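Student: Hi! Could you walk me through this structure while I have it open on my screen?
Tutor: Happy to. Let's load it and start with the inside.

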Amino acid sequence: MSKKRILSCMQPTNQLHLGNYLGALKNWVKLQEEQCEFNLYGIVDLHAITQPYDAAGLKAATQEIAAAYIAGGIDVSKSILFVQSAVPEHSQLNWLLTTMTQVGKLDRMTQFKDKAGKNKEKAGLGLYAYPVLMAADILVYKATHVPVGDDQKQHLELARDIAATFNHRYGQEYFPMPETIAVGAGTRVMSLRDGAQKMSKSAESDMSRINLTDDAETISKKIKKAKTDPDALPSDIKGLDNRPEAANLVNIYAGLNDISAEAVLKEFGGAEFSKFKPALADLAVAKLSPISTEMTRLLNDRAEIDAILRKGSEKARALATPIYKEIFDIMGFWS
Ligand code: TYM
């Protein structure tokens, strides 16, 4: 069997949070240990401009995501870190793929509906067409596996759909169907203030999320203040049904400790939140504060981060260029 070609990306918008870590980054780190053809991890700055953003801060935000990747365990001798805008083939393939994307499918994307809100008519075309660029990010490397959180599954389905349309239209099995890898208890980390909302960078209240840059005191405070219900933790996983906040905290504990939610309940079943929350806070601090300390250290030398990104982007481009050329030829362009 051929080796996996792994690719995943994050947007340089605001700080990374616990959802990004448990849903994506932590799994990327594990995948470095598998024998893969490549592990490519991108910072998708072209996606970050689809909503109002701070142009003066974009470069720094890009460096900060790179620092978070490395501090979180990405080893640049095993993985390639790159910046999307430094590999122009992403944008070039994006256009070609727009011609293979049905508007009806884009209309169904829940992330667009969430982000555009009631103001759909005024939303930018970039925000609407965003999943096509995401498909280009994946297909320009013919990636086979994409480790992401639950919220990206629908975009991955569209990427497969676009790949299948290309293969059908041009009569060859050119693109492999990229598979989603969403594993572990952290694929959908919810807000600490509302168990029905996903933890997100854009939520108004900073108390709703744990940022990777939060210090120990802040992490403890946020967990202790997290919304819960009055009951003790159940001993059985079914007892978490209809208790979204309790389920979320149990899943966070499980994700941080790399165990199942069942194993957490084995240990804490019957415990009150007054006992569970301090244990969760200690665990979160133990796992996350080394990351934030390392991020701060790395960000003292932004030139070094730039050097890593420059080298990684060159490697990524060397992978993308021949694939883009083949696509161009298959589509019949003059060159
Ligand atoms: P982004 O930047 O919003 O999120 C980065 C990664 O974090 C995961 N994630 C979560 N996982 C669990 N619980 C949460 N609350 C949570 N919030 C975020 C996301 O699933 C994602 O894996 N469209 C993508 C970026 C992208 C991409 C790509 C990803 C662009 N091109 C190609 C993979 C392949 C996004 O906005 O992720």
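Student: Which residues line the largest cavity?
Tutor: The lining of the largest cavity is made up of Met109, Gln111, Phe112, Lys115, Leu127, Tyr130, Pro131 and His155. Keep in mind that this is a predicted model.

Student: Which helices supply at least two residues each to that lining?
Tutor: Those are helix H6, residues 110–116, and helix H7, residues 125–139.

Student: How many nonpolar, polar and charged residues are in the lining of the largest cavity?
Tutor: The lining has 5 nonpolar residues, 2 polar ones and 1 charged one.

Student: And how much space lies in the largest cavity?
Tutor: About 50 Å³. The count of cavities of 30 Å³ or more comes to 1.

Student: His155 was on your lining list. Which residues of H8 are buried?
Tutor: His155 is one of them, along with Leu156, Leu158, Ala159, Ile162, Ala163, Phe166 and Asn167. Helix H8 covers residues 153–169.

Student: How does the span of H8 work out?
Tutor: H8 has 17 residues, so at 1.5 Å a residue it should span 24 Å, and its end C-alpha atoms are indeed 24 Å apart. Just after H8 you'll find Gly171, with a positive phi of about 65°.

Student: Back to H6 for a moment. Is Thr110 in that helix buried or partly exposed?
Tutor: Thr110, which is found in helix H6, counts as partly exposed because its relative accessibility is 43%.

Student: How far apart are Thr110 and Leu233 in space?
Tutor: They are 32 Å apart, C-alpha to C-alpha, with their positions 123 residues apart in sequence.

Student: New topic: pockets. How much space lies in the second largest pocket?
Tutor: About 250 Å³. The elements that give two or more residues to its lining are helix H3 (58–71) and helix H13 (302–330).

Student: Which of those gives the most?
Tutor: H13 does, with 6 residues in the lining of the second largest pocket.

Student: Which residues lie nearest the centre of the second largest pocket?
Tutor: Val83, Ala86, Leu309, Arg310 and Ser313, out of 13 lining residues. The lining of this pocket divides into 3 nonpolar, 4 polar and 6 charged residues.

Student: Let's zoom out. What domains is the chain divided into?
Tutor: Domain 1 takes in residues 4–186 plus 302–330, and domain 2 takes in 206–298. In the contact, 17 residues come from domain 1 and 16 residues from domain 2.

Student: How far apart are the domain centres?
Tutor: The C-alpha centres of domain 1 and domain 2 lie 29 Å apart.

Student: Now H10. Why do you call it largely enclosed?
Tutor: Because 11 of its 14 residues are buried, H10 is largely enclosed by the rest of the structure. Among the buried ones are Glu245, Asn248, Leu249, Val250 and Tyr253.

Student: What do the buried residues of H10 pack against?
Tutor: They pack against helix H1 (18–31), helix H11 (261–268) and helix H12 (273–299).

Student: What about the span of H10?
Tutor: With 14 residues at 1.5 Å each, H10 should span 20 Å; the end C-alpha atoms are 20 Å apart, which agrees.

Student: Can you pick one residue of H10 to look at?
Tutor: Try Ala246, which lies in H10, residues 244–257. Ala246 has 0% relative accessibility, so it counts as buried.

Student: Which residues does Ala246 touch?
Tutor: Leaving out residues up to four places away in sequence, Ala246 touches Asp229, Leu233, Leu240 and Phe273. By contrast, its C-alpha atom is separated from that of Met295 by 30 Å, with the two 49 residues apart along the chain.

Student: What follows H10?
Tutor: Asp258, which has a positive phi near 60°. Asp258 sits in the loop between H10 and H11, and with a relative accessible area of 49% it is partly exposed.

Student: Why point out a positive phi?
Tutor: Because most residues other than glycine have a negative phi. Lys142 is another non-glycine residue with a positive value, near 50°.

Student: Where is Lys142 found?
Tutor: In the loop between H7 and strand E4 (145–147). Lys142 counts as buried because its relative accessibility is 19%, and the cut-off for buried is under 20%.

Definitions and conventions
Residues numbered from 1 in each chain as written. Predicted model: local features only at pLDDT ≥ 70, side-chain atom pairs only at ≥ 80, totals over all residues. Heavy atoms only, no water. Helix = DSSP H or I, 4+ residues; strand = E, 2+ residues; numbered from the N terminus. Buried < 20%, exposed > 50% of the residue type's maximum accessible area, 1.4 Å probe, protein only. Contact = heavy atoms within 4.5 Å. 1 Å grid on protein atoms, 1.4 Å probe; cavity = no way out; pocket = protein on both sides within 12 Å on 5 of 7 lines; lining within 4 Å. Points joined across faces, edges and corners; volume = space filled by probe spheres on them. Nonpolar A, V, L, I, M, F, W, Y, C, P; charged D, E, K, R; others polar. Expected span 1.5 Å × (residues − 1). Domains from an automatic or database assignment.
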